Amino acid sequence: MTTDLVWLLIRQDESGNRYRVGRYATRAEAERVATTLNVPGPSRDQQQRRYVIERLTPRAVQSS
């Protein structure tokens, strides 16, 4: 059985540029990772980063 990774975690910078961080099976899992990444630490910059969670929409399959 395969798990569909339909939840995307995206980091968005102050200029609006977006960077895909990862794909996850559940929204809760994506939220946990975003929370972990937002925790300021001694080696991280002081400003918090903005993360967006989106559900991946499947593309229609084209037949030949």
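In strand 2, tyrosine 19 is the bridge partner of arginine 11, while in strand 3 this role falls to tyrosine 51. The model described here is predicted, so that local features need pLDDT of at least 70 and side-chain atom pairs count only at pLDDT 80 or more, whereas totals for chains, interfaces and linings use all residues. Residues are numbered from 1 along each chain as its sequence is written, and side-chain values use heavy atoms, with hydrogens and water left out.

The protein contains one helix and three strands, the elements being DSSP runs numbered from the N terminus (helices: H or I, at least four residues; strands: E, at least two). Read from the N terminus, their succession is β-β-α-β. The three strands form an open sheet in the order 2-1-3, with antiparallel pairing; two strands are taken to pair if DSSP finds at least two bridges between them. Strand 2 and strand 3 occupy the edges and have a single partner strand each, so one side of each is left without a neighbour in the sheet. On average, neighbouring strands of this sheet are turned by 25° against each other, direction ignored. For such angles, axes are lines fitted to C-alpha atoms, for helices over the stretch in contact, and the values run from 0 to 180 degrees between N-to-C directions.

Strand 1 pairs with strand 2 (residues 18-24) in the antiparallel sense over six bridges. Within this pairing, isoleucine 10 stands opposite arginine 20 of strand 2. The two strands form a hairpin with five residues between them, and glycine 16 in the turn has a positive phi of about 90°. Strand 1 also pairs with strand 3 (residues 50-55), again in the antiparallel sense and over six bridges. Five of the six residues of strand 1 (residues 7-12) are buried, so this strand is largely enclosed by the rest of the structure. Here, buried denotes under 20% relative accessible area and exposed over 50%, with partly exposed in between (1.4 Å probe, protein chains only).

Glutamine 12 belongs to strand 1 and is buried, with a relative accessible area of 18%. Its bridge partner in strand 3 is arginine 50. Leaving aside residues up to four places away in sequence, glutamine 12 touches Asn17, Arg18, Arg50 and Val52, where contact means heavy atoms within 4.5 Å.

Of the 64 residues of the protein, 22% count as buried. The largest nonpolar core has eight residues, namely Val6, Trp7, Leu9, Tyr24, Ala30, Ala34, Tyr51 and Ile53. Strand 1, helix 1 (27-38) and strand 3 each supply at least two residues of this core. A nonpolar core is a set of buried Ala, Val, Leu, Ile, Met, Phe, Trp, Tyr and Cys residues joined through side-chain atoms within 4.5 Å. In soluble globular proteins, nonpolar side chains tend to be buried together. Alanine 30 touches Trp7, Leu9, Tyr24 and Ile53, when residues up to four places away in sequence are not counted. Among the contacts in the protein with a separation of 6 or more, 41% are accounted for by residues 24 or more positions apart.

The protein exposes about 5400 Å², of which carbon and sulfur atoms supply 47%. Accessible areas come from the Shrake-Rupley method with a 1.4 Å probe; for residues, only the protein chains shown count as cover.

A search of the whole structure finds two salt bridges, each defined as a side-chain nitrogen of Lys or Arg within 4 Å of a carboxyl oxygen of Asp or Glu. Side chains of opposite charge can pair when their charged atoms come close. One salt bridge joins the side chains of arginine 18 and glutamate 54 (2.6 Å, N to O). Arginine 18 lies in strand 2 and glutamate 54 in strand 3, so the pair ties together parts that are 36 residues apart in sequence. Arginine 18 is partly exposed, with a relative accessible area of 40%, and glutamate 54 likewise counts as partly exposed at 31% relative accessibility.

The side chains of arginine 27 and glutamate 31 also meet in a salt bridge (2.9 Å, N to O). These two residues are four residues apart in helix 1 and are therefore separated by about one helical turn. Arginine 27 is partly exposed, its relative accessible area being 37%, and glutamate 31 counts as partly exposed at 34% relative accessibility.
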